[in-house]
Amino acid sequence: MREYFTNSERETEELAARLAGEFKKGGVLAFKGGMGMGKTAFIRGLVKGLGNTAFVSSPTFAIVNDYGGEPHTFHFDMYRVSSWEDLYSTGFFDYLAEGNLLLIEWSENIEEALPEDTIFIEIEKGEGDTQRIIRISDKEEGNIV
Ligand SMILES: Nc1ncnc2c1ncn2[C@@H]1O[C@H](COP(=O)(O)OP(=O)(O)O)[C@@H](O)[C@H]1O
Ligand SMILES: [Mg+2]
C-alpha cells in the first residue's frame with residue numbers, strides 16, 4: 001500500500017499525472033471515496049499524464065466516457081449501478097479487454113465484478129477542507145504495488 005497526501009485539486013491532478021506511466025499498459029483502476037473526494041480530479045491528471053488530450057468529466061448520466069488514446073481509456077461512474085443486470089448493460093465486460101485502461105468511480109458498487117489484478121485508489125479527507133489522503137493498493141490488502 002502506498003499513501004500520498006495532496007493539498008489542492010491541482011496537486012491531486014499533478015500526482016496522478018506523475019503516476020500515469022505505471023498504467024500505460026492498461027488495467028483496471030477502482031476508485032473509492034465519497035462525493036467530492038477528488039476521484040475525477042485524479043482521473044483528469046492521469047489521462048493527461050498519459051498524453052491523452054480528451055476532456056475529462058464525471059460520466060454520471062452516460063455511465064461511461066470513451067477517451068480513446070493509448071492505452072484505450074474508458075472512464076466509468078458506477079454511482080447508479082446496483083445490479084449485475086445494470087453492470088452488463090454498461091458494457092463493462094466488453095471493455096474489460098487486455099490493453100484497455102478502465103478508470104472506475106464508485107467501484108464500491110461493482111466490487112464483486114472487479115478482476116483479480118485490480119488496483120484500488122482510495123481517497124479520503126485529511127486535515128481541513130483541502131487535504132486528501134490517497135492510498136493505492138492491490139486486492140490483497142497491504143501488498144506493495
Ligand atoms: N486535495 C484535493 N484534491 C482534489 N480535489 C480537491 C482537493 N481539495 C479540494 N478539492 C475539491 O474537491 C472537489 C473534487 O471534485 P471531484 O474530483 O469531482 O470529486 P469526485 O469525483 O470524487 O466526486 C473539487 O471541487 C476540488 O476543488
Ligand atoms: Mg467524480
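A crossing of two helices is left-handed if the near helix is turned anticlockwise from the far one by less than a right angle, and right-handed if it is turned clockwise. The legends below describe close-up views of a predicted model.

**View 1. Helix 1 and helix 2 cross with a right-handed sense.** The axes of these two helices come within 7 Å and cross at roughly 40°. An angle counts as roughly parallel under 35 degrees and as roughly perpendicular from 65 to 115 degrees. Helix 1 and helix 2 are therefore oblique to each other.

**View 2. Sixteen residues surround ligand 1, and helices contribute to this shell.** Of the 16 residues around the ligand, those that come nearest are Thr12, Gly36, Lys39, Thr40 and Thr130. Helix 1, residues 9-19, and helix 2, residues 39-49, each supply at least two residues of the shell. The most is given by helix 2, with 3 residues. By residue class, the shell around ligand 1 consists of 9 polar, 4 charged and 3 nonpolar residues.

**View 3. Thr12, Gly36 and Lys39 place N or O atoms close to polar atoms of ligand 1.** In the side chain of Thr12, an N or O atom is 2.6 Å from a nitrogen atom of the ligand. Gly36 takes part through its backbone, where an N or O atom lies 2.8 Å from an oxygen atom of ligand 1. For Lys39, a polar side-chain atom lies 2.7 Å from an oxygen atom of ligand 1. On its own, ligand 1 has 570 Å² of accessible area, of which the protein covers 75%.

**View 4. A cis peptide bond joins Glu70 to Pro71.** The omega angle of this bond is near 0°. Pro71 has its place in the loop between strand 3, residues 64-68, and strand 4, residues 73-77. Most peptide bonds are trans.

**View 5. Ile63 has a positive phi.** The phi angle of Ile63 is about 70°, although this residue is not a glycine. Most residues other than glycine have a negative phi. Ile63 is found in the loop between helix 2 and strand 3.

Definitions and conventions
Residues numbered from 1 in each chain as written. Chains lettered and ligands numbered in written order. Predicted model: local features only at pLDDT ≥ 70, side-chain atom pairs only at ≥ 80, totals over all residues. Heavy atoms only, no water. Near = heavy atom within 4 Å. Polar contact = N/O pair within 3.5 Å; in protein donor to acceptor, adjacent residues only side chain to side chain. Areas by Shrake-Rupley, 256 points an atom, 1.4 Å probe, with all protein chains shown as cover. Helix = DSSP H or I, 4+ residues; strand = E, 2+ residues; numbered from the N terminus. Nonpolar A, V, L, I, M, F, W, Y, C, P; charged D, E, K, R; others polar. Axes fitted to C-alpha atoms, helices over the stretch in contact; angles between N-to-C directions. Parallel < 35°, antiparallel > 145°, perpendicular 65-115°, else oblique.
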